[in-house]
Amino acid sequence: MAVGWLHYDDPLTDVRTIREVFHCPVLITIWRIRHAWHKNLLDKCSDFEKRSMMAKRLGNVISSICRGNGGVELFEAFLEDFVDCFSFLDYFKALWFPRLGAWTTVLKSTPLATAEVASAIESYHHLLKVRLLNEADESIYQRADWLVHKLGTKVHSYYWLDGFSGKDTFSRYWRSEWKNGPNQWQQGLQIPDSDIVIEDNCAKVVCQKDKERSHAIVNPGSELSLCDCSWSMKGNLCKHVMKSTKVCRHRGLAPPSLALLRYYQTLANVVHCLPSDSVVCDHAVAVAVSVRTQLETLLSASNGCSPNTLDFKDPQPTSEPRIENGTCASRSLACSDGGNEVPTNEDSGQDMYVCKKRKSGGASDEDEAATSTQIMQPSHRSPGKRMQRSF
């Protein structure tokens, strides 16, 4: 069975070996960081306002690092600004500060898992606690054969059964103690947008069981939002935070997710930093544009709008041009503020690729697809002329 992708949460993991063995994408998840910081903020900081400010600051630090706008110095500034919260800072300095350098490096360069993945991981961890740590005789926990048997018969089997559409036909699944149900991300999708009210740095989500009650979310759209529901007060990701974050991003009140940003950075590098081989170049651009078109169609369908209304800006290429043995190993674009194409080196005799900017929302889908994939190559017949090729 082929592996679709793998996730890890240790910045010192040998990712290259994992890719070579499993031949699949490898993504890093920040669920463990978020869960640990969230839980310890609740336990070690009793002041609600200060806790909210610290959570927002930590969320902004993570976001800035992933967007390439800072490093470990952001955490150092955080420690200086909240020096009066002794309990949490002692925990943070002892456990996390020695590893922040490795985490910063990984967050800047590695694709990130989505909030859906984080919610699935959290649901699995909760399942392990419920179905493993329920033995009357605690000495049995030392037996490896018991662990293998329990994981295979009581944990994993029912975990996968939760996602099976015909699970209700199994009589054993009718027992309430085995039901896990949808995770918090899936439950958040069932909350209507009309039940979300966002005001400044706070959001209110109407309780789905009792319409007379509502839950308050602090720092909606942040990487470290806090909710007053019982599930979030345990340090977990709740459906209210998931839904409020989705609504904030849909209304333009919060930036896109870090996972989507890293995806577009990688996609821009594929389009802008083209391989030297023309066949590989054509295939890479075609695949990149095809994936981008499919993603925009999927997002427009989920948001109920036309693909023309989606406005995605290509991130700047992360690598500079590098010349090796007369060949441009990493080609990037340099576009002027006016929108005209400007080659990276106008006087150079090297191959130069120019990718035009996307047209405005009034252009048709075919024009946008053609425009986003146009490149410039020198003609073989006349070195002084360039031939424009479209895919």
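**His 23**

I looked up His 23 and found it exposed, at 67% relative accessible area. The model I am reading is predicted. His 23 sits in the loop that runs between α1 (15-22) and β2 (26-28). I noted its backbone as well: phi is near 50°, which is a positive value in a residue other than glycine.

**Asp 200 and the β3-β4 hairpin**

I then went to Asp 200, which also has a positive phi without being glycine, near 55°. I placed Asp 200 in the loop between β3 and β4. Its relative accessibility is 81%, so I entered Asp 200 as exposed. The hairpin of β3 and β4 has two residues between its strands, and Asp 200 takes its positive phi there.

I checked how the two strands of this hairpin are joined. Strand β3 covers residues 196-199 and strand β4 covers residues 202-206; they pair antiparallel over four bridges. In that pairing I found Ile 196 opposite Val 205 of β4.

**The sheet**

Next I followed the strands outward. β4 is joined to strand β5 (residues 214-218) by five bridges, and the two run antiparallel. Across this pair, Ala 203 stands opposite Ile 217 in β5.

I wrote down the whole sheet as open, with four strands in the order β3-β4-β5-β6 and antiparallel pairing. β3 and β6 (226-227) are at the edges with a single partner strand each, so one side of each has no neighbour in the sheet. As a reminder to myself, strands of a sheet pair through backbone hydrogen bonds, either parallel or antiparallel.

**Cysteines**

How many disulfides does the count come to? I got zero. A disulfide is a covalent bond between the sulfur atoms of two cysteines, and the cut-off applied to the sulfur pair is 2.5 Å.

I went through two of the cysteines. For Cys 202, the closest cysteine sulfur is that of Cys 227 at 9.6 Å, which is too far for a bond. Cys 202 is partly exposed, with 26% relative accessible area. For Cys 227, the closest cysteine sulfur belongs to Cys 229, 3.7 Å away, and this is also too far for a bond. Cys 227 is buried at 4% relative accessibility.

**His 240**

I looked up His 240 next and placed it in helix α10 (residues 239-250). Is His 240 buried or exposed? I have it as buried, with a relative accessible area of 7%.

I listed what His 240 touches, leaving out residues up to four places away in sequence: Ile 191, Val 205, His 215, Ile 217, Cys 227 and Cys 229. Several of these names were already in my notes: Val 205 is the residue opposite Ile 196, Ile 217 is opposite Ala 203, and Cys 227 has its closest cysteine sulfur in Cys 229.

**Asp 193**

I found Asp 193 in the loop between α9 (184-189) and β3. At 38% relative accessibility it is partly exposed. Which residues does Asp 193 contact beyond its neighbours within four places in sequence? I noted Lys 243, Val 247 and Arg 251. Asp 193 and Val 247 are 54 residues apart in sequence, yet their C-alpha atoms are 7.0 Å apart in space.

**Cavities**

Last, I checked for enclosed space. There are two cavities of 30 Å³ or more.

The largest has a volume of about 70 Å³. I read off its lining as Ile 30, Ile 33, Arg 34, Trp 37, Leu 58, Gly 59, Ile 62, Glu 223 and Leu 224. By class, I have six nonpolar, one polar and two charged residues. α2 (31-44) and α3 (48-66) each supply at least two residues of this lining.

The second largest holds about 50 Å³ of space. Its lining is Ile 33, Trp 37, Ile 62, Ile 65, Phe 75, Trp 96, Leu 100, Trp 103, Thr 104 and Leu 107. The elements that give two or more residues here are α2, α3 and α6 (100-109). α6 has the largest share, with four residues. I counted the classes for this cavity as nine nonpolar, one polar and no charged. Ile 33, Trp 37 and Ile 62 appear in the linings of both cavities.

How values were computed: Residues numbered from 1 in each chain as written. Predicted model: local features only at pLDDT ≥ 70, side-chain atom pairs only at ≥ 80, totals over all residues. Heavy atoms only, no water. 1 Å grid on protein atoms, 1.4 Å probe; cavity = no way out; pocket = protein on both sides within 12 Å on 5 of 7 lines; lining within 4 Å. Points joined across faces, edges and corners; volume = space filled by probe spheres on them. Nonpolar A, V, L, I, M, F, W, Y, C, P; charged D, E, K, R; others polar. Buried < 20%, exposed > 50% of the residue type's maximum accessible area, 1.4 Å probe, protein only. Pairing = 2+ DSSP bridges. Contact = heavy atoms within 4.5 Å.
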